[in-house]
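Grab a pencil and work through these exercises with the structure open beside you. Try each task before you read its solution.

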Amino acid sequence: MSAAQNLFDPELYRDVRLPFEQARSMPPWCYTSAEFFGREVDRIFRRVWNFAGRADEVPKSGDYFTLDMFGESIIIVRGRDHVVRAFANTCRHRGTRLLKGRGNCRVISCPYHSWAFALDGALLGAPDMDRTPGFRKEDYPLLAVHLEEWAGFLFVALSDDVPPIDDYLGNIKDKFAPYRFEDMVCVRRRSYEIEGNWKLFVENAMEDYHTATVHRQSIGVQNTVQEDTTGEWDAIHMESDSTIAVLPEDDTTLPHIEGLTGRPANGTYFTVIYPQTFFGTTQDCMWWLQSLPHAPDRTTVVIGSCFPASTVARPDFEEQVAKYYLRWDKSLPEDNAITEEQHAGLRSAFARPGPLCWREPVVHALDNWVLDRVLD
Ligand code: FES
Ligand SMILES: [Fe+2]
């Protein structure tokens, strides 16, 4: 591409737009360019439902965590009324970041001049502001961000211009109702910083082509078929008699989720809610992956491991879950490492889009979902 060309000219992406069988992968700059990333932030991340975390991460009143991506920071906090809310993490006085990480608080107190906000965002206290003419506390609550919950998944939208969450999720609610995600408990979260583009990570999670090579020492070959979906999501299904959340050589005494029938009972789904919510559901558990983009080449990947509350209460749980952790701790770093290698390769001036394998339909779907939103 020459410097004079418009990066968002649809002509440049003709090969990505072709039907799947003839299509090529995205041009390398889609993963490496700051300009392309900026457009994704403006036209995707600021205008869609973003996965914020799980409701069970804030079980008690005052529990909070912050969600940090592309320089933005959002506070997720459970109020005294038990409602979970989201706020921009910026003080209404002179803008200071209010909270970091995760924890529990009775009020949200600014570290700069001690303005204090209630858990519902109301400004409670603003020291020495009584001489400022016309100052009224009720004029300066925290700025609320849209938050919706589905089955324990929390989604935030940074703009008013988002489709209703029900339209966004389409038929996902019906498909996954039997798993009762809302009754699941997240027993462990782990974060990884990767030097790679967020799309490469999601593409990897949604294709089985790499499994024979990248995971040959761990989970091995996976064979999947694409699922029918309505709404902003895609899924692939892999048949298996039993859970794939332990390594093939391991067994487990943890029970299957009660009431699963049909395809859920016969295997595993790998699902992406666009752009960056991934979850895997197998017969006995669910694990979610969140990829938080910071820059074209910098992404935080978080994995959460969820089991039904009844499973977590079993006396054999602690001993058994170690085998699941072993599996995730082996397979996810393998995916992270190959994502970094791919990103490094895409930095080359010689890198070119390549043809896709029949095992990569969701790579094509994701790439086109992104192009639908970022191109002129
Ligand atoms: S910036 Fe928060 S109290 Fe001054
Ligand atoms: Fe993988």
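Before we start, one definition for later: a helix axis is a line fitted to C-alpha atoms, over the stretch in contact, and the angle between two axes runs from 0 to 180 degrees between N-to-C directions. Also keep in mind that this is a predicted model.

**Exercise 1. The whole chain**

Task: Work out whether the chain is as compact as a globular protein of its length.

Solution:
- Start with the parts: the chain has 11 helices and 17 strands.
- Next, compare two numbers. The radius of gyration is 22 Å, and the globule rule gives 21 Å for 376 residues.
- Those values are close, so the chain is as compact as a globular protein of that length.
- For a picture of the extent, the C-alpha atoms fill a box of roughly 70 × 65 × 35 Å along the principal axes.
- Finally, look at the contacts with a separation of 6 or more: 67% of them join residues 24 or more positions apart.

**Exercise 2. The core**

Task: Find the residues with the most contacts inside the largest nonpolar core, and say which domains the core draws on.

Solution:
- Begin with burial: 38% of the 376 residues are buried.
- In soluble globular proteins, nonpolar side chains tend to be buried together.
- Here the largest nonpolar core has 86 residues, and Ala 52, Ile 75, Ile 76, Val 156, Met 206 and Met 286 have the most contacts inside it.
- Domain 1 (50-161) and domain 2 (179-374) each give this core at least three residues.
- Now zoom in on Met 286. Leaving out residues up to four places away in sequence, Met 286 touches Tyr 179, Phe 181, Met 184, Phe 279, Gly 280, Thr 281 and Cys 306.

**Exercise 3. Around Asn 197**

Task: Decide whether Asn 197 is buried or exposed, and list its contacts beyond four places in sequence.

Solution:
- Locate Asn 197 in the loop between strand S11 (184-194) and helix H6.
- Count neighbours: 29 other C-beta atoms lie within 10 Å of Asn 197. The cut-off for buried is 20 or more, so Asn 197 is buried.
- Its contacts beyond four places are Tyr 31, Pro 296, Asp 297, Thr 299 and His 343.
- Take Asp 297: it is 100 residues from Asn 197 in sequence, yet their C-alpha atoms are 4.8 Å apart.
- Move on to H6 (residues 198-205), where 8 of 8 residues are buried. Among them are Trp 198, Lys 199 and Glu 203.

**Exercise 4. Two helices**

Task: Classify how H3 and H11 are oriented to each other.

Solution:
- Find helix H3 (residues 34-45) and helix H11 (residues 361-374); their axes are 9 Å apart and meet at an angle of about 90 degrees.
- Angles from 65 to 115 degrees count as roughly perpendicular, so that is the label for H3 and H11.
- H3 makes the contact with Arg 39, Glu 40, Arg 43 and Ile 44, while H11 uses Val 370, Arg 373 and Val 374.

**Exercise 5. Backbone oddities in loops**

Task: Say which peptide bond is cis, and give phi for Phe 70 and Asp 128.

Solution:
- The bond from Tyr 274 to Pro 275 is cis, with omega near 0 degrees. Pro 275 sits in the loop between strands S14 (267-273) and S15 (277-281).
- Phe 70 isn't a glycine, but its phi is positive, near 40 degrees. With 18 C-beta neighbours inside 10 Å, Phe 70 is partly exposed.
- Asp 128 also has a positive phi, near 60 degrees. Asp 128 has 8 C-beta neighbours inside 10 Å, so it counts as exposed.

Definitions and conventions:
Residues are numbered from 1 along each chain as its sequence is written. Chains are lettered from A and ligands numbered from 1 in the order in which they are written. This is a predicted model: local features need pLDDT of at least 70, side-chain atom pairs count only at pLDDT 80 or more; totals for chains, interfaces and linings use all residues. Helices (H or I, at least four residues) and strands (E, at least two) are DSSP runs, numbered from the N terminus. The radius of gyration is taken over C-alpha atoms; the globule rule is 2.2 Å times the number of residues to the power 0.38. A residue is buried if 20 or more other C-beta atoms lie within 10 Å of its own, exposed if 12 or fewer, and partly exposed in between; C-beta atoms are placed from the backbone. Two residues are in contact if their C-beta atoms, placed from the backbone, lie within 7 Å. A nonpolar core is a set of buried Ala, Val, Leu, Ile, Met, Phe, Trp, Tyr and Cys residues joined through C-beta atoms within 7 Å. Domain bounds come from an automatic or database domain assignment. Angles under 35 degrees count as roughly parallel, over 145 as roughly antiparallel, 65 to 115 as roughly perpendicular and the rest as oblique.
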